[in-house]
Amino acid sequence: MTGVRVAVTGLGVRSAFGAGVGPLLAATSHGKPGFGPVDRFDVTHRQARRAAAAPGSPVLDAALSAVLTEATDQAGVPGGPLLLARHGDPVTAAACAPVHERWGSGRVYTGACVAAGSAVADAAALIAAGRQDRVLVAAGYLVEPDTFAVFDAGRALARDGEARPFSAGRSGLLLGDGVVAVVLESEAVALRRGAEVLAVLAGWGRAGDGYHVCRPAPDGSGLARAIRAALGRAGLTPDQIGYVNANATGSPLADQAEVRALHTVFGADPPPVSSSKSVHGHALEASALLELAVTVESLRTGLLPVNAGWLGPDPDCALDLVLSGPHRAEPRHALSLNSAFGGANTALLVAAA
């Protein structure tokens, strides 16, 4: 258990549903997916043709600057050290150059779908150890042609145009826009300056499968270790977790592995589970931060995300799924989980303020 509690004091969000966390929460809590035909670039020769993308052609550096301003304004702070999760290609790096110039950057995380989760864990560790009073974490992914083509060629995208986590008949993931910023700081420092604490990042854990370059360990052992590490750091037991925002992308093998991880940790009766990716899509390097924002707002409002796209039960995915909404609950603690190619796993444990 850490000596310094880590508070969330600011959030900035851009998603397929527009600006701010409010429209995103409305969509997730009602289970209304944002998937539609891709018109940002040509998908004529692709097998999949849908994503959760905002209208027009948003610019990544402008969106990142907007969410950082939104988050720091809400927190009432001028800035702080920045950890940034983003694509590692030269085009994205160039697009993010103005963000680095304006906000500075202590570290860049790239190349995996746990990038933002790793950034959050590092930021929280710096604060918990007393090395920083405040750290900004930002992440951005906008649906673009190169990654879309790679995922489509690899048959990772859902051909039926819907993400269906844990459902019978699921056929893969769908991509989505996600640009997010979070202000993390020492809770004591935040309270001294009169800031509103949105939630507390009570624990975090990371673990690798060491199994396969693409496929997850079938028993979910790596993710289970990450969850247990987050619980241990928070000083909580599994029965104190009231909701899980799962990584589940709609991939048959990955969803099964995650179910096994949850049963390993929670036994036969895990808490309510859903994957908000079923509504906002997979934002790759930004996924963990987008889903953290959803989880924080779910604890604040008592509205759990709906596991959309459901067709029917899969006997290998026996969970207490949130299948309709608005679903009102008052969990005190929730987990937000993410996994990536290569077997990387992160677990972020959020406590209600």
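These are my notebook entries on a predicted model of one protein chain.

**Entry 1: the whole chain**

I began with the overall make-up, and the chain has ten helices and 15 strands. Next I looked up its extent: along the principal axes, the C-alpha trace spans about 50 × 45 × 40 Å. I then asked how the radius of gyration fits the chain length. A compact globule of 353 residues would have a value near 20 Å, and the 18 Å of this chain agrees with that.

**Entry 2: inside and outside**

How much of the chain is buried? I found that 59% of the 353 residues count as buried. For the outside, I noted an exposed area of about 13,000 Å², with carbon and sulfur atoms supplying 54% of it. I also looked at contacts between residues with a separation of 6 or more, and 78% of these come from residues 24 or more positions apart. My last lookup here was charge: there are 28 positive and 31 negative charges, and their mean positions lie 2 Å apart.

**Entry 3: strand β1 and its partners**

I picked strand β1, residues 6–15, for a friendly first visit. Is it enclosed or open? Nine of its ten residues are buried, so the rest of the structure largely encloses β1.

Then I went through the strands paired with β1:

- With β8 (residues 178–186), I counted nine bridges, and the two strands run antiparallel. Here serine 15 stands opposite glycine 178.
- With β9 (residues 199–208), there are three bridges, again in an antiparallel arrangement. Valine 8 has alanine 199 as its bridge partner in β9.
- With β2 (residues 18–19), I found two bridges, and this pair is antiparallel too. A hairpin links β1 to β2 through two residues.

Serine 15 turned up once more in that last pair, as its bridge partner in β2 is glycine 18. So that I remember it, I wrote down both entries for serine 15: glycine 178 in β8, and glycine 18 in β2.

**Entry 4: threonine 295**

I finished with a single residue, threonine 295, which I found in helix α10, residues 287–301. Is threonine 295 buried or exposed? Its relative accessible area is 0%, so it counts as buried.

Which residues does threonine 295 touch, leaving aside its neighbours within four places in sequence? I noted Asn245, Ala334, Ser336 and Val350. I also looked up how threonine 295 sits relative to histidine 282: they are 13 residues apart in sequence, and their C-alpha atoms are 15 Å apart in space.

Definitions and conventions. Residues numbered from 1 in each chain as written. Predicted model: local features only at pLDDT ≥ 70, side-chain atom pairs only at ≥ 80, totals over all residues. Heavy atoms only, no water. Helix = DSSP H or I, 4+ residues; strand = E, 2+ residues; numbered from the N terminus. Rg over C-alpha atoms; globule rule 2.2 N^0.38 Å. Buried < 20%, exposed > 50% of the residue type's maximum accessible area, 1.4 Å probe, protein only. Contact = heavy atoms within 4.5 Å. Areas by Shrake-Rupley, 256 points an atom, 1.4 Å probe, with all protein chains shown as cover. Lys, Arg positive; Asp, Glu negative; His and termini not counted. Charge placed at Lys NZ, Arg CZ, Asp CG, Glu CD. Pairing = 2+ DSSP bridges.
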